[in-house]
Amino acid sequence: MQNDVYDYTSQGSVAKNTVLQKTYRLLGLSFIPAVAGAFFSAKTGFNIFAMFGSYYVALAAFFGFFYGMTFLIEKNRYSNVGVALLMIFTFGMGLAISPMLQYALSINNGAQIVGTAAAMTAGVFFTMSAMARRTTMNMNKLGSFLGAGAIVLMIAVVANIFLNIPALSLTIAAGFVVFSSLMIMWQVRTVIDGGEDSHISAALTIFISIYNIFSSLLRILISLSGDD
């Protein structure tokens, strides 16, 4: 009698690869409504920060939208409702970044600045995704480090809302570039290791990281151009 040996390791690897493939597909899809949101804002003049009349009220509305939507997406991380909510979220994030894009495009070499920020962001994403496949770094330690880093960055962001120090703003932007780059590597590696089984949740994390990298790089490049 022949003994049938079932390769559970192989099955697990296939499942992890499937989650990662779905994550990348959903991530690519999520940028369509983001671009649509930015385009809609540019064409209609919609600006969330001007709509509320008060910068602080608008900022509160933005954070309410951001954290409210991420909470709802995570609550529906295994259903098509989560996918739909992710599309709404990315459309809103496109609306939010549009004023900065419009400002960047209005200054000297604006198109080049935006293109450079986009190219650098793409380079960071592909580099960190590739590193995630090869790294031997302890992901639990990295996760703890990122958790602490997130708290420090948020405290700095809140502080600078009131202090409004340009040098601190650039420091925070640089911090977000480093933090979000590591977040991409951590999330991709977590999927590979089987620690994340929801492609919706993984795509959300990576989208936010890419968004933060692009917006932070754009802010830094605008400042370096002397037009900030």
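Let us start inside the fold: Phe214 is buried, with a relative accessible area of 14%. Here buried means under 20% relative accessible area, exposed means over 50%, and partly exposed lies in between, with a 1.4 Å probe and protein chains only. The model is predicted, so local features need pLDDT of at least 70 and side-chain atom pairs count only at pLDDT 80 or more, while totals for chains, interfaces and linings use all residues. Residues are numbered from 1 along each chain as its sequence is written, and side-chain values use heavy atoms, with hydrogens and water left out.

Phe214 belongs to helix H8, which covers residues 199–224. Helices are DSSP runs (H or I, at least four residues), as are strands (E, at least two), and they are numbered from the N terminus. Setting aside residues up to four places away in sequence, Phe214 touches Ile97, Leu101, Val114, Ala117, Ala118 and Thr121. Contact here means heavy atoms within 4.5 Å. For a sense of scale, look also at Leu26: its C-alpha atom and that of Phe214 are separated by 19 Å, and the two residues are 188 residues apart along the chain.

Another buried residue to find is Thr90, in helix H4 (residues 80–106). Thr90 counts as buried because its relative accessible area is 0%. Leaving out neighbours within four places in sequence, Thr90 is in contact with Ser30, Pro33, Ala34 and Phe207.

Now for the open space. The largest pocket holds about 1800 Å³. A pocket is found on a 1 Å grid over the protein atoms alone: it is an open set of points with protein on both sides within 12 Å along at least five of seven lines, whereas a cavity is a set of points where a 1.4 Å probe fits but cannot get out. Grid points are joined across faces, edges and corners, and the volume is the space filled by probe spheres set on the points. Which residues lie nearest the centre of the largest pocket? They are Phe62, Phe63, Val157, Phe176 and Arg219, out of 50 residues that line the pocket; a lining residue has an atom within 4 Å of a point. H3, H4, H6, helix H7 (166–192) and H8 each supply at least two residues of this lining. H8, the helix that holds Phe214, gives the most, with twelve residues.

Let us move to the surface. Tyr55, Tyr56, Val158 and Phe162 make a nonpolar surface patch of about 460 Å². The elements that give two or more residues to this patch are helix H3 (55–75) and helix H6 (139–163). Patches are made of residues with over 30% relative accessible area and no salt bridge, joining like charges within 9 Å and nonpolar side chains (Val, Leu, Ile, Met, Phe, Trp, Tyr) within 5 Å. Accessible areas come from the Shrake-Rupley method with a 1.4 Å probe, and for residues only the protein chains shown count as cover. Phe162, in helix H6, is exposed, with a relative accessible area of 62%.

Next come the charged pairs. Side chains of opposite charge can pair when their charged atoms come close. A salt bridge is counted when a side-chain nitrogen of Lys or Arg is within 4 Å of a carboxyl oxygen of Asp or Glu. How many salt bridges does the structure hold? There are three salt bridges. Arg77 pairs with Glu74, the closest N and O atoms being 3.1 Å apart, and Arg77 also pairs with Glu196, with the closest N and O atoms 2.6 Å apart. This second pair links distant parts of the chain: Arg77 is in the loop between H3 and H4, Glu196 is in the loop between H7 and H8, and they are 119 residues apart. Both Arg77 and Glu196 are buried, whereas Glu74 is partly exposed at 29% relative accessible area. Glu74, Arg77 and Glu196 are thus linked in a network of salt bridges. Elsewhere, Arg189 and Asp193 meet in a salt bridge (3.0 Å, N to O). Arg189 counts as buried at 16% relative accessibility, and Asp193 is partly exposed at 42%.

Finally, visit two loops. Asn109, in the loop between H4 and helix H5 (110–134), has a positive phi of about 60° although it is not a glycine. Asn109 counts as exposed because its relative accessibility is 54%. In the loop between H6 and H7 sits Asn164, whose phi is near 50°, a positive value in a residue other than glycine. Asn164 counts as exposed at 61% relative accessibility.
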